[in-house]
Amino acid sequence: MSYYEILGGRPLSGSLAVHGAKNSVLPILAACLLSPGQSVIHNCPDLSDVSATMDILRLLGCRVEREGGTVTIDASALSRWDIPEHLMREMRSSVIFLGALLARLGTAELSYPGGCELGPRPIDLHLSALRALGAEIWEEQGALCCQGRGSLRGRELCLSIPSVGATENAMLAACSCPGLTTIVGAAQEPEIVDLQNFLQAMGAKVVGAGTPNLTIEGGVPLHPAEYRVMGDRIAAATYLCGVAAAGGEAEVTGVSPDTLTAVLACLEEAGCTLHTSADSIVLSCDAPLRGINPVRTAPYPGFPTDAQAILMAALAGGEGVTLFVENIFDSRYRHVDELRRMGADIQIAGRAAMVSGVGRLHGAAVRSTDLRGGAALVVAALGAEGTTKVGQLRHIRRGYQDFDKNLRALGADIREVP
């Protein structure tokens, strides 16, 4: 099993273009099912989660081809509506096929999805939203069976929490529902806006993404589309935190600073200097990071839960005290024990984690616990003294393309050891 070997303490510099957003491309690929014909998706990252999504599309009868960062999906011959358990367990986002299959075929059958173990993440909101649109859903021998042919109708949906996945599933299903669907309490993440923009390119009448109220006029004929996925804001945040931990000055391009306001504010408060333009961010840091005001994860535009572990890793090697409060997932501190192996001083009480900077972490043998936790260990290693070995790279590959290669381009001493 391979691992990253990282010699820390080397300041980073240079410029790096971030890949397409993982959390955008997965629902966009599923949305290609909504219309027969060939859609072309540009800036599609080469991630294990994307490969799993492409495998599902092929199984369903689509022709899928990749050439560099461009993926072509021809959904003309869509012939299946069932997804076997081994593919569903590859990733959490596989549940997004539920809304797309209901919209195109009026039926779907799939098992419960997999993904990182971050505590309970029930799909009840997804199912209740689809039931409200007229779908009949029941469980049979561990599989979810869904029927909506002829019964789907537009209506007002009220989400009790702004779930990204439930919002996306409802958007996809509503495209085939005659009448007007309004989603009240919708998630406002930039990736929701990206999905709306792709659906509009297909001819769908969807407006309101980026606000709590989304409306979809269903039953409108759709057609294939060509689209470029937005840059990955969490990948951008990871590289910026890596520069903050190691010191130096570097630029990330291909991402809008407006999508990272909460993260950039924290880095600036910690002592980093930032310069932004329409699609780039330059960060410089020439002193140890200092403690900042409490960081509380929250739905967008609040601080993203996906960046919690990454910022924590950077601050753990700085100075001062920072309180983190995780409000989204119950088990998102699994990386803490691994950071402690590197000398981090982090105390956990329920959803709170108190991080006391130790001035400098030290290298150790650690393992990725989940996608963002694994990235956090790499960030910590970049600023640590000595050599760190980060194992369980399969987690990191779910969300980062050419992670070690990109960091080497910034001057990091990192290599993958078979």
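Which residues in α5 meet which residues in α6? In this predicted model, Leu125, His126, Ala129 and Leu130 are the residues that α5 brings to the contact, and they meet Gly165, Ala166, Asn169, Ala170 and Ala173 in α6. Sorted by class, this contact of α5 with α6 has 6 nonpolar residues, 3 polar residues and no charged ones.

The geometry of this helix pair can be described next. Two packed helices are described by the angle between their axes and the distance between the axes. Helix α5 covers residues 124-132 and helix α6 covers residues 164-174; their axes come within 8 Å and cross at roughly 25°. Angles under 35 degrees count as roughly parallel, and α5 and α6 are therefore roughly parallel to each other. The crossing in which α5 passes α6 is right-handed.

Helix α6 leads the reader on to a sheet. This open sheet is formed by 4 strands in the order β10-β11-β13-β12, and its pairing is mixed. Its edge strands are β10 (156-158) and β12 (205-207), each of which pairs on one side only. From one strand to the next, the twist averages 15°. One of the pairings joins β12 to strand β13 (residues 213-218), in the antiparallel sense and over 3 bridges. Here valine 206 has isoleucine 216, in β13, as its bridge partner. Helix α6 packs on the sheet and touches β10, β11 (179-184), β12 and β13, while the direction of α6 makes about 25° with that of β13. Helix α7 (residues 190-201) also packs on the sheet, where it touches β12 and β13; the direction of α7 makes about 155° with that of β12.

A further open sheet of 4 strands has the order β22-β23-β1-β24, with mixed pairing. The edge strands in this case are β22 (365-367) and β24 (413-417), and each pairs on one side only. The twist of this sheet averages 25° from one strand to the next. Within the sheet, β22 pairs with strand β23 (residues 387-391) in the parallel sense, over 3 bridges. Arginine 367 has glycine 391, in β23, as its bridge partner.

Another helix pair may be read in the manner of the opening one. The axes of helix α8 (residues 233-246) and helix α9 (residues 261-269) come within 11 Å and cross at roughly 5°. That crossing angle makes α8 roughly parallel to α9. From α8, Ala237, Leu240, Cys241 and Ala244 meet Val263, Leu264 and Leu267 of α9. By class, the contact of α8 with α9 has 7 nonpolar residues, no polar ones and no charged ones.

A hairpin offers a view of local detail. Strand β4 (residues 63-67) and strand β5 (residues 70-74) run antiparallel and are joined by 5 bridges. Arginine 63 stands opposite aspartate 74, which lies in β5. The hairpin of β4 and β5 has 2 residues between the strands, and glycine 68 takes a positive phi near 65° there.

The aromatic rings complete this account. A pair of aromatic rings is described by the distance of the centres and the angle of the planes. A search of the whole structure finds 4 aromatic pairs. Ring pairs link Tyr4, Tyr239, Tyr400 and Phe403 into a cluster.

Conventions
Residues numbered from 1 in each chain as written. Predicted model: local features only at pLDDT ≥ 70, side-chain atom pairs only at ≥ 80, totals over all residues. Heavy atoms only, no water. Phe/Tyr/Trp six-rings, centres within 6.5 Å; stacked < 30°, edge-to-face > 60°. Axes fitted to C-alpha atoms, helices over the stretch in contact; angles between N-to-C directions. Parallel < 35°, antiparallel > 145°, perpendicular 65-115°, else oblique. Left-handed = near helix turned anticlockwise from the far one by under 90°. Contact = heavy atoms within 4.5 Å. Nonpolar A, V, L, I, M, F, W, Y, C, P; charged D, E, K, R; others polar. Pairing = 2+ DSSP bridges.
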